[in-house]
Amino acid sequence: MQDERDWRISRVRHGMTKAGIEGLLAFAPGWRRENVRYLTGASLRGSFATAYLPMAGNPAAFAGTVQDEQAIRAHGWVADVRPLVYPDCSEMLTRLRESNVPGKLGIAHLELMPRIMLAAIRKGLPGVEIISATRMMNQVRMVKSEWELEQIRRAGVVCSAGWEAFVSALKPGAMEFEIVAAVEAELKRLGAQDNFMLFASGGTEVMGMSPPGNRRLQLGDMVRTELTPQLNGYFAQICRSAVLGEPNEGQVRSFALFKEALEAGLAVVRAGVTANEIACAENDVFRKYGYGEYCTSQYTRVRGHGHGLHPDEVPMIVEGDQTVLEENSVIIIHPNTYTPLAGYHVLGDPVVVKKDGFELLLTTERKLFSV
Amino acid sequence: MKRGLVLFDPQEISASELVERTTRLQRSMQQQGVTAAFIYGDVYHSGDITYLSNLCIYWNEGVLAVPATGDPALLSKLSSRVHPWMRSISNLKDLRSGANLGDLASEYLKASSPGIVGLVEMDWWPAYVVDDLQAKLPGWELRDLGSIVQQERRRPSESELKLLRKSAEISAKAVEIGLAGTMTNPERAGRAELSARMAGVEDVLVFCHPATEHADTVEVVAEYRGYWTLASRVVFKGSPEWAPMLRQAYGAAEQRLRPGVDVAQLRMAAGAALNGSAIPWRIDLIHHTDLETGGDYRLPGEEAKAVHAGSVVGLRLEFAFADGTHAVTADTFEIRDDGARRLTKALPQVSS
């Protein structure tokens with residue numbers, strides 16, 4: 001695991017050099033812990049933590065709870081672990097001063113850092129130029145190590161199991177939230193730490209997904225989900241739809257459209273292509289059949305995205321995004337959107353980008369499930 | 001992450017009670033000469049927004065804008081495609097989406113003459129957003145309103161107490177199910193999660209982990225209709241020497257809990273029972289309003305304040321062992337004039 005740590009530090013420092021940053025402070029609020037986890041390897045529970053990496057010398061970490069301090073130490077990647085205490089954040093600032101104070105400090109998730117913390121940093125490090133390093137860290141994390149890929153492969157296996165639990169729970173009369181409960185229980189039983197999941201049921205009136213409600217499923221409903229379990233820190237996502245009973249003609253045609261679009265997107269995936277090229281390949285299928293208007297932001301967000309230590313990472317697969325995919329980045333291709341054929345439809349598979357193509361992370365069949 | 005049942009049920013919290021919450025805030029704003037109050041929330045920390053609107057920020061960030069008179073509006077980074085769902089689960093009609101909260105705020109206030117914008121718990125706002133507001137609202141004063149909404153939330157109404165009691169029942173039941181039988185910790189987590197989610201929670205955090213090699217901890221923090229409660233017990237696989245110490249220390253703190261007591265007094269009570277034990281330990285007293293963040297968002301100094309009658313709090317005692325594992329015992333209590341009533345009463349008393 002020390003090799004893994006060294007590989008990451010090397011990537012981060014390369015990114016710092018390119019960005020002209022002399023010190024990197026990764027900030028982790030409760031819902032965006034990915035950068036601190038990347039640097040410490042530790043699973044955290046508290047609402048605030050940071051990790052500091054100078055251009056030379058050892059990293060340090062700062063946690064708001066004793067439990068998180070212990071978790072970081074136990075992982076063994078960062079030996080210098082100190083408390084993070086508001087309002088003065090004195091231990092963190094002392095450590096930053098101990099190593100040469102950087103002239104330019106990059107903060108990952110600066111955009112989310114509470115005013116109380118940033119005020120302490122500005123006051124404690126006068127003259128230091130502070131810039132956002134969020135984009136830099138997004139780029140650094142985009143390419144995964146073999147160890148990281150192994151965790152995501154495990155998450156992919158749990159994705160498939162989660163979908164099986166989803167299908168098993170579908171029955172007329174069941175309420176939406178009960179389906180989610182069954183899936184969550186299975187994911188946790190399999191060792192998932194967390195899961196991001198959206199849901200929708202019904203017919204052509206469904207325009208998008210949200211958390212579940214208490215609507216009871218009916219025969220003829222199409223039930224859609226994206227579920228995204230987290231294993232050992234890493235997320236993988238699956239998007240599928242199922243019909244209660246025999247699918248109607250619109251649902252069958254809709255599935256054929258989405259399958260063709262997904263496979264068109266997959267067909268162009270390889271290292272060196274841009275997010276734009278993949279999105280265009282997917283959207284061209286919709287345009288070919290006269291559904292191009294449903295690829296706009298009025299109906300959909302993205303045609304896929306990256307994932308890793310966060311469920312929704314760069315690159316965003318959208319037309320116009322010129323991010324070049326590198327080998328061993330991980331993305332999901334999902335042409336999810338609304339059409340009048342069957343309402344909102346979801347279908348997506350996560351893949352590892354390879355030199356000449358991709359590695360599929362799911363074993364789940366690519367079909368319109370019928371229960 | 002919030003992926004449980006989100007409902008707006010006027011049988012539980014009436015529409016008029018929801019409006020009255022905003023009205024109370026507006027009265028205070030008017031007294032302070034505040035034109036609009038902004039409340040920031042994200043998927044991790046948005047209890048004040050839920051309290052005023054029943055809205056669930058299930059992902060990303062948002063700001064609830066409350067004018068001195070009139071209806072609140074939501075300024076959100078969530079897509080406008082989810083507005084129909086948001087309307088179905090809240091009392092909000094004015095929903096605005098965009099990539100930049102500063103731009104949305106500027107647009108929201110463009111018809112008003114510059115005055116005072118109050119930021120609730122300004123210290124916890126992202127500095128980036130505050131700086132952006134300052135740049136995009138020239139002539140406006142940004143004023144910290146402190147924990148003005150939290151202070152109201154800490155005096156739950158009778159209808160809120162009903163929901164808190166229900167939430168506590170769910171938390172306790174989930175722990176009880178997680179404790180039962182011989183299971184691995186992932187199996188305990190799966191069963192506890194299923195129990196809580198089938199009972200209709202909006203969110204639940206389940207922590208099942210070893211507490212030395214002789215025990216496991218099952219801790220559940222659940223949100224039911226926006227109301228968070230806490231429960232935790234340790235299941236022993238042997239008779240570690242620290243087991244009676246945990247029981248006695250927790251029992252001593254629980255017995256001490258009543259109006260006017262603060263965490264320092266509970267620490268003294270537990271410490272006396274521990275009698276100089278070498279095991280590092282921590283006791284905490286967390287208002288139900290702070291349970292969603294484990295108490296981490298309390299403003300400096302708040303942790304030390306005494307509890308008052310009518311409040312609902314979580315009591316949590318944690319042992320931290322040298323091997324990096326933890327044992328946690330916790331319950332949720334309603335503080336009453338005559339003492340503290342344990343709302344997680346489905347669980348056996350720790351000290352028994």
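These legends describe close-up views of a predicted model.

**Figure 1. The interface of chain B and chain A.**
Chain B brings 48 residues into contact with 50 residues of chain A. The two chains bury about 4100 Å² between them. Carbon and sulfur atoms give 64% of that area. Six salt bridges are found across this interface. Over all chains, the whole structure has 64 salt bridges.

**Figure 2. Two salt bridges between chain B and chain A.**
One pair joins B:Glu219 to A:Arg45. Their closest N and O atoms are 3.1 Å apart. B:Glu219 sits in strand β8 of chain B, residues 215–224. A:Arg45 lies in a loop of chain A, between α2 (34–40) and β2 (48–54). Another pair joins B:Arg3 to A:Glu184. Here the closest N and O atoms are 2.0 Å apart.

**Figure 3. The second largest pocket.**
This pocket holds about 1700 Å³ of space. Its lining has 50 residues, and those closest to the centre are A:Arg301, A:Asp312, A:Met316, B:Trp59 and B:Asn60. Several elements of chain A each supply at least two lining residues: α6 (134–142), β7 (194–202) and β12 (313–316). In chain B, α4 (101–109) and α5 (127–136) each do so too. α6(A) gives the most to this pocket, with five residues. By class, the pocket lining has 19 nonpolar, 19 polar and 12 charged residues.

**Figure 4. The largest cavity.**
The count comes to four cavities of 30 Å³ or more. The largest cavity encloses about 210 Å³ of space. It is lined by 23 residues. Nearest its centre lie B:Tyr40, B:Asp42, B:His45, B:Trp124 and B:Tyr297. Elements of both chains give two or more residues to this lining. From chain A comes β1 (23–29). From chain B come β1 (36–42), α2 (47–53) and α6 (148–153). β1(B) gives the most to the largest cavity, with three residues. The lining of the largest cavity divides into 13 nonpolar, five polar and five charged residues. Domain 1 (15–153) and domain 2 (158–342) of chain B each provide at least three of the residues that line the largest cavity.

**Figure 5. The second largest cavity.**
The volume of this cavity is about 110 Å³. Its lining has 13 residues. Closest to the centre are B:Arg21, B:Thr50, B:Tyr51, B:Arg225 and B:Tyr227. α1 (15–32) and α2 of chain B each supply at least two lining residues. α2(B) gives the most to the second largest cavity, with three residues. The lining of this cavity has four nonpolar, five polar and four charged residues. Domain 1 and domain 2 of chain B each contribute at least three residues to the second largest cavity.

**Figure 6. The contact between the two domains of chain B.**
Chain B is divided into domain 1 (15–153) and domain 2 (158–342). Their C-alpha centres lie 32 Å apart. Domain 1 of chain B puts 14 residues into the contact, and domain 2 of chain B puts in 15. The domains bury about 1400 Å² between them. Carbon and sulfur atoms account for 43% of this area. On the domain 1 side, B:Tyr44, B:Trp124 and B:Arg153 lose the most area to domain 2. Together these three give 39% of what that side buries. B:Trp124 is also among the residues nearest the centre of the largest cavity.

**Figure 7. Arg21 of chain B and its salt bridge.**
B:Arg21 forms a salt bridge with B:Glu160. The closest N and O atoms of the pair are 3.6 Å apart. Across the interface of domain 1 and domain 2 of chain B, one salt bridge is found. B:Arg21 is also one of the residues closest to the centre of the second largest cavity.

Technical notes
Residues numbered from 1 in each chain as written. Chains lettered and ligands numbered in written order. Predicted model: local features only at pLDDT ≥ 70, side-chain atom pairs only at ≥ 80, totals over all residues. Heavy atoms only, no water. 1 Å grid on protein atoms, 1.4 Å probe; cavity = no way out; pocket = protein on both sides within 12 Å on 5 of 7 lines; lining within 4 Å. Points joined across faces, edges and corners; volume = space filled by probe spheres on them. Helix = DSSP H or I, 4+ residues; strand = E, 2+ residues; numbered from the N terminus. Nonpolar A, V, L, I, M, F, W, Y, C, P; charged D, E, K, R; others polar. Domains from an automatic or database assignment. Contact = heavy atoms within 4.5 Å. Buried area = accessible area lost by both parts, 1.4 Å probe. Salt bridge = Lys/Arg side-chain N within 4 Å of Asp/Glu carboxyl O.
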